[in-house]
Amino acid sequence: MSNRIFYTKPSITELETRYATDAAANGWGARCYDYIIRFERDFAAYLGSSTHAIATSSCTGAMHMGLSALGVGAGDEVILADTNWVATVAPIVHLGAKPVLVDVLPDTWCINPLEVERAITPRTKAIITTHIYGNLCDMDALMNISRRTGIPVIEDAAEAIGSVWHGRRAGSIGVFGTFSFHGTKTLTTGEGGMFVTSDAALYERVLTLSNHGRARGQTKQFWPDNIGFKYKMSNIQAAIGCAQLERIEELVTRKREILASYMVRLSALNGISMNPEYTGTLNGAWMPTAVFHPATGVSREMLQAAFNAADIDARVFFHPLSSLSMFEDRPENVNAWSIPERAINLPSYHDMSEADIDRVADVLVAAVRGASRVRQSA
């Protein structure tokens, strides 16, 4: 039997299996939307202040429809963090707009509000705030920018279910929010996502777009009112989501426990920082991440080699979007370029044992000691 530690895998119980089986056996005809409707209703209730939710086939699809409903198109600019997965920027490009990539803060690895201010032009149509790895953007500063400029703030909360900003759940603060339920996420439906908003008019526009452009009040059969998308979640996926949502506090609590365990084990190391949690906030701890100070000499490649040798499936920090060949602009986003060179994402699946966490922490400790010996001998 392999003793490999994987970086993530879902927590699936008898409840998820039972709901999915029911959807597969009975969720057809008049009941083909039962679990979808339930999942959307319960997810909106979980967020609290977002009163409308639309289950989607992916977070990317949710972002695409939301941006389209805001009227983002050719000639527009959308500001977002250079530290991001390509899924966040792809819908901007698909709509013909220009992504404006700005730097992140060194402690949260989230978008820097001061850089957002500097990047605003008359063509700025929206600001996307990505709560990276469960860490929270400075939503007070960003929403203040939105109030002063009239530019809507969008929350990419794909990785932040369970994170809370001063009493409000991530994804429920901006004009709309998007979530991912990919198999790696804290709450999963295998593939899938959610669009959420408290703006009733925006909700109706996205709801129409999500169903091939067919408006909810349209009485003609097979009559689209405009060209839309096909980003629906299936009933079986939603059934799994309903079960996961019933367990959400348990799932988030375990993620937070794993992050806390890493922090305890690594607290004696100098020059290492992990996912922060500031006063008044709660970090959902989707992806525990270790970032090393440049003075330690620890590099991404060194960490990858050490984890591979230990049969542990750690993964790299997101490369800056501006480093990808499809983007011509190379902004001087110092943190977005520097942090990935000395960081690693740590395994954090729900049924990790304390012994597993020990193994991962031991690799990091050994890496720091090895880097120290190299510096001393140089």
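# Notebook: two pockets and a lysine

I began with the largest pocket, where H2 provides the largest share of the lining, five residues. I should jot down early that this is a predicted model.

**Entry 1, the largest pocket.** I looked up its volume, and the largest pocket comes to about 620 Å³. Its lining counts 24 residues, and Ile37, Glu40, Tyr203, Leu207 and Arg216 are the ones nearest the centre. Which elements supply at least two residues each to this lining? I found helix H2 (34-47), strand S1 (52-56) and helix H7 (200-210). I then sorted the lining of the largest pocket by residue class and got 12 nonpolar, six polar and six charged.

**Entry 2, the second largest pocket.** Next I turned to the second largest pocket, which holds about 430 Å³ of space. It is lined by 25 residues, with Trp85, Ala87, Ala158, Ser180 and Lys185 closest to its centre. For the secondary structure, I noted that helix H3 (59-69), helix H4 (86-94) and strand S8 (176-180) each bring at least two residues to this lining. Which element gives the most? That is H3, with three residues. By class, the lining of the second largest pocket splits into nine nonpolar, 11 polar and five charged residues.

I also checked which domains take part in the second largest pocket. Domain 1 (14-243) and domain 2 (248-377) each contribute at least three residues to its lining.

**Entry 3, Lys185.** One of the residues closest to the centre of the second largest pocket is Lys185, so I followed it up in the record. UniProt, in an unreviewed entry, puts the feature "active site" at Lys185. The unreviewed entry also lists Lys185 under "modified residue: N6-(pyridoxal phosphate)lysine". I keep in mind that such annotations may be inferred rather than shown by experiment.

Where does Lys185 sit along the chain? I found lysine 185 in the loop between S8 and strand S9 (193-197).

Is lysine 185 buried or exposed? Its relative accessible area is 12%, and the cut-off for buried is under 20%, so lysine 185 counts as buried.

Last, I looked up its contacts. Leaving out residues up to four places away in sequence, lysine 185 touches Ala158, Glu159, Ser180 and Trp286. Two of these names I had already written down: Ala158 and Ser180 are, like Lys185, among the residues closest to the centre of the second largest pocket.

**To remember.** For Lys185, I have a UniProt "active site" label from an unreviewed entry, a place in the loop between S8 and S9, and a spot among the residues closest to the centre of the second largest pocket.

How values were computed. Residues numbered from 1 in each chain as written. Predicted model: local features only at pLDDT ≥ 70, side-chain atom pairs only at ≥ 80, totals over all residues. Heavy atoms only, no water. 1 Å grid on protein atoms, 1.4 Å probe; cavity = no way out; pocket = protein on both sides within 12 Å on 5 of 7 lines; lining within 4 Å. Points joined across faces, edges and corners; volume = space filled by probe spheres on them. Helix = DSSP H or I, 4+ residues; strand = E, 2+ residues; numbered from the N terminus. Nonpolar A, V, L, I, M, F, W, Y, C, P; charged D, E, K, R; others polar. Domains from an automatic or database assignment. Buried < 20%, exposed > 50% of the residue type's maximum accessible area, 1.4 Å probe, protein only. Contact = heavy atoms within 4.5 Å.
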